[in-house]
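Here is a friendly walk through one protein chain, for anyone who likes to keep the viewer open while reading. Please load the model, colour it by secondary structure, and follow along.

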Amino acid sequence: MSTVRDRIRPEAVAEPIRARGRHPHVVLYSAVVAAQAAIASLVVVMVPVVLAWATASYSRAPWTDVVQLGTGTWLLAHHSGLVIAEGQIGLVPIGLLLVPVIACWIGGVRLARGLDPNADQIREGIGRARPRAPRPKAMAVFAFTYTGLVTAVAVFVTTQEVRPLLGQTFAGAMTIVCLAGAAGMAAWVGGGVIPGLRLLVDKSRAPKVIRRCFRPVLLGVGVQLGAALILLITATVLGWDRVTMLHSALNTGVVGGIVLTLAQLLVVPNLVIWSGSYASGAGFSVGTDTTVAPGQLDLGALPALPVLGALPSAPGPETLWLLVAIPVVGGMVTGYRVLRMPLGRNLIHVDASSTRRMIERVPHHVRVPLVRSLVAAVLMVLVWALLGWLSGGPAGPGRLTVMGPDVPALALFIAAEAGAAIVLTVAFGLVVRWLGRPAFNNPVEAGASGQGTATGAVGLGGQTESVGAAPATPRSGVRTPPRQTPAGGLPKNRAPRRPGVQEPDNPFANLPAASASASESGPASLADATHDPLSWLDRPDPPTSPRKRTDPPRHAS
């Protein structure tokens, strides 16, 4: 007789899980991935430069100069300054900065996936294996190998005409590879770009209040940059004639025109930040002793870049100061998001200092949003200061040594506009919240207490309670709703008497019923409210279906 096992066909048997193979060496694999990331970013930068040189009929430069120009551009993408004969080049197109950032991010993903022992199971969907983060040793080798290669290239291409700043090269490459590589590893562990960034922020050792304010601040800055992009597009459309005239005067040819257009697209993020600085009132400079701001225009000789034809040709009307609404609206959006954040637990520090105890005297629902608004305002100022620093710098000799917004002035204007908008939005929301609740507009009717006949018991704070009301709970002074007692003296949810069971007499049966005005009126103060004062700010809980009562089955006797 054949068994069930014998009847199963061989092809129907599930294949066993493939055994784990030999994993690569941590140091060697990390160094190889770092080298691949550096070479890939260098090739991406070199290809347009070589194509422009090969297709330009008027160019007679040797190929060594072309290689030096391409490597210099690649070093500039790492925010490395280049010292030339009569000045310095430090203005980095933010679009060019994205090339090494993306290369290091992809390298971080490949490094985490290659060193993960569960990578095969995750790729094939076997079991419930989860990705694992690589060891810190792998990240250290990856970062120092990439930084060492970039610094070695900077040393190799140094000449008397062009000299890269080695300190800026090392610092810029290390910063890019650490941030982008860590983001790539977190993307592999978290399962995506956005989850990886959230995981990276949560794992950072920043205070919790700063980590919670990141998303509202980024949302507000995104709104401001979006409005600045619309402003830049409007200025480009108005000055399109000057842009096309400058582009035609260069006579670059087909391939040269494509390379020139690509170079201008790489500068667009810088121009968006300059537009945001213009809207805030701080303005920006396109050379020494030049100013472009609402109501003020002082221009001189400009670089031969067609996109600069979008600059205004006149100071413009005084109504341009209405553009201040752009940073203000971004601050209001951030303040609204801060106001909607959950409050969290109210922790009381027993052994706190006198200053902290004085701060903790402020109610929890007022103290937490105000502190978060101040932190969000500081973060927004720091973000705009960083953006202004990244978008500016010297662009060559002579008058081009000053390009971009003035960082201290930009930080001051953003603090006065967006930062103040964040704090005022949160304060205004708390005031409107406190005044708009119906519970605060219905004071307790105290007429029953002076009529000579007591119709109810007096609870905490002088509030009249109905008979049988629950006492005040110690939870932040929140009072539980009173239980309604009918005329018969028993609660409504009390079960009827069963025959043969003797129950004690109700001592409140002969007392008069409580006053309706005392039970229906609102609390006398904020502490007597029956709900959390900021419950409207919290996210609603998911609806829960009532639990159905299931009786045991009855069997026939």
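## Starting at Ile-94

Beyond its neighbours within four places in sequence, Ile-94 is in contact with Leu-266, Pro-269, Asn-270, Ile-273, Leu-390 and Ser-391. Please keep in mind that this is a predicted model. Ile-94 belongs to helix α4, which covers residues 94–114. Is Ile-94 buried or exposed? Its relative accessibility is 15%, so Ile-94 counts as buried, the cut-off for that being under 20%. Another residue to look at here is Val-268: from C-alpha to C-alpha, Ile-94 and Val-268 are 8.1 Å apart in space, while 174 residues separate them in sequence.

## The chain as a whole

Stepping back, the chain contains 16 helices and 9 strands. Of its 557 residues, 34% count as buried. Contacts across the sequence are well represented: taking those between residues at least 6 apart, 71% join residues at least 24 apart. The exposed area of the chain is about 33,900 Å², and carbon and sulfur atoms supply 65% of that area.

## Two bent helices

Two helices deserve a slower look, and the table sets out their values.

| Helix | Residues in helix | First to last C-alpha | Expected span |
|---|---|---|---|
| α9 | 31 residues | 46 Å | 45 Å |
| α11 | 28 residues | 39 Å | 40 Å |

For α9, which runs over residues 208–238, the reach is close to the expected one, and the reach of α11 is likewise close to its expected value. Even so, each helix has a bend. In α9 the bend is about 35° and sits at Phe-214, with the proline Pro-216 following within four residues. In α11 a kink of about 35° lies at Val-268, shortly before the proline Pro-269. Val-268 is the residue 8.1 Å from Ile-94, and Pro-269 is among the contacts of Ile-94. After α11 comes Gly-281, whose phi is positive, near 105°.

Which residues of α9 are buried? They are Cys-213, Pro-216, Val-217, Gly-220, Val-221, Gln-224, Ala-228, Leu-232 and Thr-236. An α-helix makes a turn every 3.6 residues, so residues three or four places apart point the same way. The cover over the buried residues of α9 includes α10 (240–250), α11 (253–280), α12 (325–339), α14 (364–391) and α15 (407–436).

## Inside α14

One of the helices that help to cover α9 is α14, and Ser-373 has its place in α14. With a relative accessibility of 0%, Ser-373 counts as buried. What does Ser-373 touch, leaving out residues up to four places away in sequence? The residues are Val-338, Ile-422, Val-423 and Val-426.

## Cysteines and an aromatic pair

How many disulfides does the structure hold? The count is 0. Cys-104 gives a clear example: the closest cysteine sulfur, in Cys-178, is 9.3 Å from the sulfur of Cys-104, too far for a bond, since a disulfide needs the two sulfur atoms within 2.5 Å. Cys-104 is buried, and its relative accessible area is 0%. Cys-213, one of the buried residues of α9, also counts as buried by its own value, a relative accessibility of 0%.

Searching the whole structure turns up 1 aromatic pair. Trp-274 and Phe-284 form this pair, which is stacked, with 5.4 Å from centre to centre and 25° between the planes. Trp-274 lies in helix α11 and Phe-284 in the loop between α11 and β4, so the pair ties together parts that are 10 residues apart in sequence. Trp-274 is buried, its relative accessible area being 4%, and Phe-284 counts as buried at 7% relative accessibility.

## Two residues with positive phi

Finally, two loop positions are worth a click. His-79 is not a glycine, yet its phi is positive, about 60°; His-79 lies in the loop between α3 (63–77) and β1 (82–83). Asp-289, also not a glycine, has a positive phi of about 60°, and its loop runs between β4 (285–286) and β5 (291–293). Where the two residues part company is exposure: His-79 counts as buried at 18% relative accessibility, whereas Asp-289 counts as exposed at 67%.

Definitions and conventions
Residues are numbered from 1 along each chain as its sequence is written. This is a predicted model: local features need pLDDT of at least 70, side-chain atom pairs count only at pLDDT 80 or more; totals for chains, interfaces and linings use all residues. Side-chain values use heavy atoms; hydrogens and water are left out. The expected span of a helix is 1.5 Å times one less than its number of residues. The bend at a residue is the angle between axes fitted to the seven residues ending there and the seven starting there. Buried means under 20% relative accessible area, exposed over 50%, partly exposed in between (1.4 Å probe, protein chains only). Contact means heavy atoms within 4.5 Å. Accessible areas come from the Shrake-Rupley method with a 1.4 Å probe; for residues, only the protein chains shown count as cover. Rings of Phe, Tyr and Trp (its six-membered ring) pair if their centres lie within 6.5 Å; planes under 30 degrees apart count as stacked, over 60 as edge-to-face and the rest as tilted.
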